[in-house]
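Me: I have a structure open and would like to talk it through before I go back to the bench. Can we start with a single residue and work outwards?

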Amino acid sequence: MSDIVIVIFGSPDSRSAQGLAGAAAPLGGASRTVVVEGEYQPEPVLDALVDACRGASVVLLANDTYSQEVAPRLAHRLGGACVGDGVDVRMVDGRLRVTRQVYGGKANAVIELRRSPAVVWLRARSFAVAPITGSFAVSAAQDDRANTRIVERKVAAENDAKLEDAQVIVSGGRGIGGPEGFRDELEPLAKLLGAQMAASRAACDAGWVPPTWQVGQTGKKVAPELYLAVAITGASQHMAGISEAKNIVAINIDPDAPIFKHCRFGIVEDYRKVVPLLRRKLEELRT
Ligand code: FAD
C-alpha cells in the first residue's frame with residue numbers, strides 16, 4: 001500500500017487541491033494532506049515539508065509556482081525522484097508512471113520514477129475532483145539565515161488570483177496592439193464574463209501586461225471551461241499551455257492563423273469590431 005501525501009499551497013477547498021485528491025484516488029487515495037500556511041520562504045518551507053513527507057512513497061503537488069519550486073528540492077532532500085507537469089499518474093508494478101506532454105503538446109512522454117518518494121507536480125485541473133480528507137497544516141517560521149529573504153510585499157491585483165484555477169479566461173496576443181487594447185477592450189469583456197485575464201508571451205514580453213499573465217510552454221498551464229483567444233496566432237508554445245482547455249474560441253483577423261485548427265469556434269474578424277459586439281450582447285443578456 002502506497003503512502004501518498006498531497007501538498008497544498010493555499011486553500012484545501014480550491015479546484016487544484018481537489019484535483020490532487022482526484023489524482024491520488026486511483027492510486028489508493030492520499031493518506032495525508034499537508035496544507036502549507038503562512039508566508040512563503042523556500043528554505044523554512046522545505047524543512048517543514050521534509051518532516052511532513054518523510055516515509056511517503058508518492059508526494060503530489062499542483063502546478064503553482066511555489067509547488068514547482070519546492071518539488072525538485074523536496075525530492076532531493078528525501079532521496080527521491082521528481083517529475084513535473086504531469087497530466088496522468090498511475091502505479092505499474094509498484095512504481096509511479098507519470099504522463100507529461102512534450103513537443104509543445106504534440107506528443108506524450110510516460111516517465112517511470114524509480115526512486116522513492118516519487119515527487120510529482122501535476123496540472124491539477126486535468127484531474128476529476130475528489131474531497132480532501134485528513135488534512136493538517138504546517139507553517140514555516142521566517143528564517144533570517146535563509147538564502148533568500150522577503151524585501152517587499154505587494155498586494156496582488158484582482159486578476160492575480162490563480163489562472164490555473166480559472167473557469168473562464170480572456171487572453172490577448174500581440175495583435176491587440178498595446179496595453180490600451182487590453183485595458184479598454186478585453187478587461188471590460190472579462191468582467192462581464194467573470195473571467196480571468198491572460199496573454200501570450202509576445203504581449204507579456206512587450207510589457208503590455210504583467211508576466212504573470214503568460215500562458216504557454218514557459219508560462220501558466222490552464223484548463224478552463226472557456227478560453228477566449230483574442231489576436232493570438234496559436235503558436236505551438238502557446239497551445240502547450242491550453243491543451244487542457246475544454247472550449248477554445250478564437251478571434252483573429254487572419255483566416256490562416258493556426259489557432260483556428262485548435263478552436264471549437266472561430267471568428268475571422270478584427271477584434272476591435274467583434275469584442276464591442278460581444279460586450280453589448282452580454283450586457284443585453286444581463287439586463
Ligand atoms: P503573433 O505571432 O505576433 O500573432 C498576433 C496575431 O494577432 C496574428 O495571428 C494576427 O493575425 C492577429 N491579429 C493582428 N491584429 C489583429 C486584430 N486587429 N484583430 C484580430 N487579430 C489580429 N508563447 C506563448 O504565448 N507562451 C509561451 O509560454 C511561450 N513560450 C515559448 C518558449 C520558447 C522556447 C519559444 C522559442 C517561444 C515561446 N513562445 C511562447 C513564443 C511563441 O513562439 C510565439 O512567438 C508567441 O506565442 C506569439 O504570440 P502572439 O500569437 O500573441 O503574437
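**Talking through the model**

Reply: Let us start with Tyr-40, which counts as buried at 14% relative accessibility, bearing in mind that this is a predicted model.

Me: What ring does Tyr-40 pair with, and how are the two arranged?

Reply: Tyr-40 forms a stacked aromatic pair with Tyr-66, with 3.9 Å from centre to centre and 10° between the planes.

Me: And Tyr-66, how exposed is that one?

Reply: Tyr-66 has a relative accessible area of 39%, and is therefore partly exposed, whereas Tyr-40 is buried.

Me: Where do Tyr-40 and Tyr-66 sit in the chain?

Reply: Tyr-40 is in the loop between β2 (32-37) and α2 (42-53), while Tyr-66 belongs to helix α3 (residues 65-78), so the pair ties together parts that are 26 residues apart in sequence.

Me: Which residues make up the aromatic cluster?

Reply: Phe-9 joins Tyr-40 and Tyr-66 in one aromatic cluster, and the structure as a whole holds four aromatic pairs.

Me: Changing topic, how many helices and strands are there?

Reply: The protein chain has seven helices and 13 strands. Its radius of gyration is 20 Å, close to the 19 Å given by the globule rule for 287 residues, so the chain is as compact as a globular protein of that length.

Me: What share of the residues is buried?

Reply: Buried residues account for 49% of the 287 residues in the protein chain.

Me: And what about the charges?

Reply: The protein chain carries 34 positive and 33 negative side chains, and the centres of these two sets are 4 Å apart.

Conventions. Residues numbered from 1 in each chain as written. Predicted model: local features only at pLDDT ≥ 70, side-chain atom pairs only at ≥ 80, totals over all residues. Heavy atoms only, no water. Helix = DSSP H or I, 4+ residues; strand = E, 2+ residues; numbered from the N terminus. Rg over C-alpha atoms; globule rule 2.2 N^0.38 Å. Buried < 20%, exposed > 50% of the residue type's maximum accessible area, 1.4 Å probe, protein only. Lys, Arg positive; Asp, Glu negative; His and termini not counted. Charge placed at Lys NZ, Arg CZ, Asp CG, Glu CD. Phe/Tyr/Trp six-rings, centres within 6.5 Å; stacked < 30°, edge-to-face > 60°.
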